Every structure is written in C-alpha cells, then in structure tokens.
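Open the model in your viewer and keep the selection tool at hand. The stops below say what to select next and what is there.

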Amino acid sequence: MKVTLKQTLMPVINKPVDAYQFPQETRITIPSKEEAGTEKDNPKVKENQKLERPLPNPFPMPNPIKHRSDDPALFWKDKFGENDDRLKLSVDVRSLYRYEHISPESLIKNLYRTEEVRSSQLNIFEQFGNAREVDELEKVSEYYQHQDGWTNRLIQGDSLLVMSSLLERENMTGKVQMIYFDPPYGIKYGSNWQMKLNNREVKDGSDDHLTSEPEQIKAFRDTWLDGVHSYLSYLRDRLLVARELLTESGSCFVQISDENVHLVRCLMDEVFGSENFISLITYRTTGGLGSKTLSTIGDYLIWYAKDSNNVKYRQLFVEKSFGGDSMFKSIQETNGLRRNMNTDELRGYISKGNRPYRLSDLVSSGLTSSCVYDVKFNDRVFSPRKGYSWKTNQVGMENLINKNRIEAPGNTIQFVRYFDDFPVQQLTNFWEDTVGELNKGYVVQTSTAIIQRCLLMCTDPGDLVLDPTCGSGTTAYVSEQWGRRWITVDTSRIALNIAKTRLMTATFPYYFLHSDVNVEASEDKGKIKKKITPKIENSVSDIRQGFVYEEVPHITLKSLANDEPPETETLYDRPYEDKKRFRVAGPFTVETLQAYEVINPETLDQTEEIAEDEAVFEQRIFEHLRTTGVRNGDKNEQAIFVRVERLADDYLHAEGFYRAGQGERKAYLHIGPKYGTVSKDAVNKAVKECRRQGDADWLIILGFAFESDIENRSISMSAGNFQVSKVRMNDDLLQEGLLKKDKKAGSFVTIGEPDIAIVREGENAIVEIRGMDIYDPIRDEVKPRNVADIAYWMLDDDYNSTDFMVKQVFFCGGDKDEFDKWKKGISNIAKQSTKIKVETTLKVEIDEDAFDRLYGFQSHPIPYSKGKKVAVRVISQFGEESTKILKM
Ligand SMILES: C[S@@+](CC[C@H](N)C(=O)[O-])C[C@H]1O[C@@H](n2cnc3c(N)ncnc32)[C@H](O)[C@@H]1O
C-alpha cells in the first residue's frame, strides 16, 4: 500500500525504538466487540439512551432580527425540521466497542534483532491498561466506571453518533483541547470518497468512481439529499456536539473551501457565538490553476474557541526574509563596514559573518519630557522634531551609541536593527508558504503542515485532539508526532484502513522530554544554545511538562538602551531531538460503533414512507433472485429462483425455491440491512431459526457488508445438513438513483472463506494464507487471491476470544517494485551503519528474514502450543475484512 511504504522506518536503523506514553491519563473502560451487548445491563447504558440538546437560536418566524444588538442569522430549509418545530437535537446513544489493539512499537520490534527485544518482550496487554485482567463477571459493572490507561482511538462510525457516545457514555464533556473538522467540502456525491485503498482516482460524476460502501451511501442519502440545506444541518448538529467535548480553553477548526466558507462561518457564529470567533486562516494549496477569471489557490480554516477569553494559544513564528521585498536591504560586513545590499545579497546570498540590517526611527510618536535632549554623534548634534521626543533617555542613547547601533544617514539619527536581533516573525492568518499534500494516500488528504500549525498553536503535549472526519488520519499522525493524544472517526472503512496502516508504520523523531533532561542554556553570538543531558535520577517521563524547545532572543531597542538581557521567544515547532532514538506511534485501539439492528420492515415501528422504501428495495432483490439468481463465486454456477416469498419472521425474511440436479430445493433468505453491516448476532439467530424449521438446504445471508467473523458453514441437523452462505449483494442495488447510467445490478455472489492454515515447524508454527476470494464490486466478480488485492493481513497468535491484539502484520497489496525499493533502501542504511560502527546504547540489527516475510503470505514463526487460538484478519483493497479463528 503506497502510504505505508514510503514513510516507514527509513532513517532509523541504529536507534532504539520508543513511543511516548501518557501514564497520568486514563480512559474509561468500554466493552470489546466480542463482548458487544453485555453492556446492556450496565446502569450507565440503561439510564442513558438519548442525547438531547436544544438547537441554537430557534427564533420564531417571521424575521426575528429586530435590534441592532441581534446577530444576523442564517436560515435554511428544514433548519428546525420539516414543520419548523424541531427545537432539539436528539441522537440515539450507542456503545463503542474495542475491535483491535495495535502497538506499533511491538510490531516494529519484530523486525529487528535486538538484545533488548530478546531479553524483555514488550507486554502488549500491559500497554492497553488493565481492563483485560478483570474477572468476566465484574466486567459489565466496570464498563463506563473503571478507568484504563490511555490509548489513542481510531473509531469507525458516523461522527455524530460517536461524539454523542463519547459525551453520554464516557463522560468526555470538556476533555478535548482541539477539534479539527475537515468535512466533505460540498454536496457532490462522487467527489468525496475513494473506493479502493490503493487507488486515489476519483472523478466527480463518474459512476465507476463512486464509493460503494453502504455506510457512505447512507451518510450521503441522509445528509445531502436537500443539497446545501442538509449539509448545513449535518454540520450544525456535529458542531453542536463537538463544542461540548471541548475544554474551556479549547479550539475548533473547520477546513473548508470558498464554496461554502461564508455559510459555515455564519453557522459557527450560531453554535459557538460570534464573540468566540478567533480567526479565518487562508492557506495555499496549489500553485494556481487555469481559470477563466481569478484563480483559486487556497482554502480556509475557520477557527472558533469554546471561550475566546480563555483560549489556549501558543504564538508560532516563521522565518523572516531579507532582501527583496523586506525592509532589510543593508548589510554590515565582517570588518564593520555598512553599505546597501548588492543584487546577489538582495536575492538572499549572504556571505558568512555579514549581517543584514535596516534602519528604524529613533523618534517616539509622543512626547516624554525626560527624552527631549541633544545627541552628539559623529561630530554633529541632533535633536528630535519639535513636539516629539527620542525613544529612550540620555543614558539609553549613550548605550546605543556605545553598542554601535546608531547611524545618521541624513538630517537625523536612526536605530540599526539587525536581522538576527529577531530572525523570526509572528505567524499570521495568511499562510502563503503551505502546499497541498504531495504524497497523497487518500484523495482528499490534508497536508500535515496545516494541521500541525493548528495543533501547535492551541494544544500542549499530552492534550487530547479529536478529528471527526479522519480520512487518511492526518490529524492522528500529526498528534502522534507532537505527543498529543488523539481520537479520530470516519464512516469509511477505506479511509480508516489507510489511516490505520499509516499510523502502524509511521516513524517520528524523538523529542527530549523536559522532565527527563537537565538543560543548560547559554548565549553565543546572539543565539541561544541549550546543552541537554539526560537526568540520571528523577526522570519521570512526564510528557505534560513538554519538550525542550529552541528559543530565540528578541533584542529590541529597549533592551539595548536599558542594558537588559533580551526577552526570548519559544519556538514551539522546533523541539530538540534525541538523535540516538526514534519513535513510532503509541498503542491505539480500533473501535466500532454498535451495529444497526437488522431491519425487518414488518416489525419496525417506522413511517409509511420508510416502510414503502424498504418494500420496494425488497421487491428489487426478489426480482433479481428470480432472473439472475445467486452465483457461486468459485464455480460459476448459478442458482436461479423459481419462486421467492416473503415470510413474517424477524430473521428468516423470505423463502425461495431453486432448481438443483433433479428437483427443486428450498432456501431461506436473511436480508441484511440496507445501509450497514450484517451482524454475527443476526446470523446466529437466523441459523437457529433455520435449524428449528428443519426443511431447507440452504440459508442465504444477503448483505452489502458483513461483520468480519461471519463464516460460511455447514450445519448438521437430524434431518440432514444445510449450508450457510454469505452472499454479497451488488452495490448497484443500493445506488439506484445516484448513478447516472441506469446500471442493472447483475447478481448475488457467494463469498468464499479465506483458506488459512497453520503449519507446524518443530517448536514453532507459521500461519499461511493459501487462498482467498475477493469480491470486486466494481467489476462484480469474485477473483482468487492475488497479492495486489490483499491490502494487508494481521494476526493475534494467542487470541483470548475477546481482544484482538495485533501481534504481526503483513503488507501485501500495492506496488511490489515500490516495496522492493523501500526494502533495498533500508538494507543499504543498515549496511552503512555497520561500516561506520555508530555507537549506540543498544545493538539493533535488521532481521532480514522478517523483512522478507512482510510482503507475503507466510507469518513470522510463532511458538507452537497445542490448543492455542490464532486469529487471522485479512483486509482487501476494497476495505472488506475476513477474520478466521484457528486452533493449533
Ligand atoms: C475531506 S475528508 C477528510 C480528509 C482528512 N483531513 C485527511 O487528511 O485525510 C472527509 C472524511 O469525512 C468522512 N465522513 C463524511 N461524513 C462523515 C460522517 N458523518 N461521520 C464520519 N466521517 C464522515 C469521509 O469518509 C471522509 O473520509
């Protein structure tokens, strides 16, 4: 996968691997995916099923603005519901479940042969708090009460539901320091989503490039049906909940283009209050594109604080320029000679030791009587203009003269301001120096530089950052780099898989923690130097105390005149690096939102309109079963149904009769949710019911997406067997009306199970992926295993039936050439470092065999132990997953 390979491990071979920890921070205990449903009896869940919040400014119509003190407001269709009577935001509160536990540090250590790794294997369980040691019986009451150690979180689900769950189930009101929200910019269906992990080509309006993920289609239908009107409701609801998550000093950034910036700003005025507006930042994304009129070269960040009087703010600085357009057009040579810059110097070519400078006024804008006097300088006498005074008193002026800071170019004297008196300038809200992300893994990926600035301006190390629109995980990536904690959310499996692999393989510099070092600062030729030595004792590794940052002196006329040491400014984006170490992402959990219940239209308390819609959808399915039938992915056999009839059962939704061999056979059909994933629980209930009926040969589970651990199987009954098959419905069934062409959905295709084996090799065993069918929703075909179609696979070699702890990961898909290049690069670095014999505290050596296995189908060896469970999860380029549990 492209994203992963480019960023991985490159510069770091000889250094110990590390990750920042947050020992003081905690998060609340939540159930794992396997424990889903057990939380139903938990008091917090029982008493708290809905989030309800008043909508801001529900003015009665007509025009509510009566006074000049009223803020102008924005109105849109259905802002307060269809009948203008919706005064509250109301959200069903769902649970979040832990799904995977990933510790990049442990994964990467697998690839090195180090003495440290051999002597003390990282305990992955310890890295995820202590929830897993809790007795089964106590677990339910521990959910939402007990605090675990902190881990960052990658959550699949709709942002509104996830944020509501964080607020209502997990008490996270006021816990988030910064929110970075990068919603789809507009309301076009096609332009926002990518349909394959390794293919960023998305053309708006092209049917072939439309995403086919049910969650995304639902998100689109729900939120953009009324165009910009629904878009505004979508944003308002999410911002309302997001605001509540913010700390009193917290900030929220919304990234947006010029298409809707005006509307979103008005909307944010409503949600946050116009008094909490902080800034509208314009940043450059491209070098300028051809346009009939004025070219657009940038986008916007709208920044609001929870409370502008309280907002946490760290001033950032950018390099100042000299020559060209700047005021610094003079130069002082090493011999002291001062002159105007020549052409080369104006372009920025300055010889070592020469100091660019400019002259600035010495006359004050007001009158201070003690600062009115004559100055003798170079045998001339100068006095301030009538009615004005000098900027300093007589003693100060003497100091400036003695320090060679005065020049008399004409009739008055001026102050010599060197460029290096303060070589930086304050960052403003105009970011001309940024560019779009060059190395994109996701079609709408934000450049790290943009999010980094936001994060450095309004958070400190250890603070919590939330991104409700994760995409490729840029916010999480930047937070990792800067030692902030993070939570990120997306509905798209494609996006989350890209983010997950990006984080699993990312490497970062190790910034010295202030708490762990002694710092001696000294000034040398106007520069502040810091000598950093690790503390032998009392190092507590407290990231809350921050990093050790570079500082620059801010020499001013005042400090020189008063003979004071200059003030210093901290450069928060320039921490000192420990070059002997490198860092990977800390442990994180992948989480999912409680699944939608499987829908049986007859049993649902729903509006007529929805019921009708469901009935039409169901009829479409039946029609296709009768015409094209169910195709067997492996054998290209087709089961055409002679009759299909609806049943009034919650789990067996229909029965169908198909011809096979001599006669007619019966099948039951379970129809999965229209926009969602077929849950294992629903399948188990369907199987139970099918067994009770005892009269069918086949149970067909129709779905667009399946929970990863649903398996095809054969069920034995006293009266014979029946087969349970997962059957993938063609996405076109779902996209009707969204596609431009009227594509007829072809067929339903059975999805085969991955063929995975454990092979014993003496004391060890290896896991091997031998075969896997991959359904390609674009071509509507099932293809046999191909290395390029499996994005990656991972395993837990000692699965405890509840918590998938990712112990090994293998990246197959993508470009083999790129992988080879990457690997070659790494071994070259390894060879080089052996030659130079760089001194390290730890001997780290690349494990060639382990690297060789990374792009393939065989795992690293795992210790064999009879009866031990191994969980294997395979993820296709389409973001579809399959999990198998094997026993040794
Ligand atoms: C513009 S992209 C974000 C890109 C991101 N900044 C990056 O650097 O990759 C918007 C993302 O929001 C996700 N999204 C859209 N609606 C959502 C919703 N209701 N809940 C969660 N995620 C949503 C989309 O799947 C998409 O990945």
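Which residues have the most contacts inside the largest nonpolar core? They are Leu154, Met178, Leu239, Phe253, Met268, Trp431 and Leu466, in a core of 109 residues. A nonpolar core is a set of buried Ala, Val, Leu, Ile, Met, Phe, Trp, Tyr and Cys residues joined through side-chain atoms within 4.5 Å. Buried means under 20% relative accessible area, exposed means over 50%, and partly exposed lies in between (1.4 Å probe, protein chains only).

Two notes on reading the model. It is a predicted model, in which local features need pLDDT of at least 70 and side-chain atom pairs count only at pLDDT 80 or more, while totals for chains, interfaces and linings use all residues. Residues are numbered from 1 along each chain as its sequence is written, and side-chain values use heavy atoms, with hydrogens and water left out.

**Stop 1: the whole chain**

Select everything. The chain has 21 helices and 51 strands; helices (H or I, at least four residues) and strands (E, at least two) are DSSP runs, numbered from the N terminus. Of its 888 residues, 55% count as buried. The accessible surface is about 40100 Å², and 46% of that belongs to carbon and sulfur atoms; such areas come from the Shrake-Rupley method with a 1.4 Å probe, and for residues only the protein chains shown count as cover.

A contact means heavy atoms within 4.5 Å. Among contacts between residues at least 6 apart in sequence, 72% join residues at least 24 apart.

**Stop 2: the cores**

Nonpolar side chains tend to be buried together in soluble globular proteins. Return to the core of 109 residues. Its largest share, nine residues, comes from helix α9, so select 228-245. A second, separate core has 20 residues, including Phe622, Val630, Phe641 and Val644.

**Stop 3: strand β8**

Select residues 152-156. This is strand β8, and it is largely enclosed by the rest of the structure because five of its five residues are buried. Asn152, Leu154 and Gln156 point one way from the strand, and Arg153 and Ile155 point the other way. In a regular strand the side chains alternate between the two faces of the sheet.

What does Leu154 touch, not counting residues up to four places away in sequence? Among its contacts are Cys470, Trp486, Leu496, Leu503, Phe588 and Val590.

Now add the partners of β8. Two strands pair if DSSP finds at least two bridges between them. Strand β31 (588-593) runs parallel to β8 and is joined to it by five bridges; here Arg153 stands opposite Thr589. Strand β24 (485-490) also runs parallel to β8, joined by four bridges, and Asp490 in β24 is the bridge partner of Gln156.

**Stop 4: a sheet of four strands and a helix across it**

Select β47 (808-811) and β51 (881-887), the edge strands of an open sheet, each pairing on one side only. The order is β47-β45-β50-β51, and the pairing is antiparallel. Neighbouring strands here are turned by 15° against each other on average, direction ignored. Four bridges link β45 (790-796) to β47, and Tyr792 stands opposite Phe811 in β47.

Next, select 493-504. This is helix α15, which lies across β45, β47 and β50 (869-876) and runs at about 65° to β45. Axes are lines fitted to C-alpha atoms, for helices over the stretch in contact, and angles run from 0 to 180 degrees between N-to-C directions.

**Stop 5: a sheet of five strands**

This open sheet has the order β15-β14-β16-β20-β19, with antiparallel pairing. Its edge strands are β15 (338-340) and β19 (406-407). Two bridges hold the pairing of β19 with β20 (414-418), where Ile406 has Phe415 as its bridge partner.

Then pick Ser330, which is in strand β14 (330-332). Is Ser330 buried or exposed? Ser330 counts as buried because its relative accessibility is 14%. Tyr357 is 27 residues away along the chain, yet the C-alpha atoms of the two are separated by 5.3 Å. Apart from neighbours within four places in sequence, the contacts of Ser330 include Arg339, Met341 and Tyr357.

**Stop 6: cysteines**

The structure holds zero disulfides (pairs of cysteine sulfur atoms within 2.5 Å). Select Cys266, which is partly exposed at 35% relative accessible area, and then Cys690, which is buried at 1% relative accessibility. Finish at helix α13 (448-458), where eight of eleven residues are buried, Cys454 and Cys458 among them.
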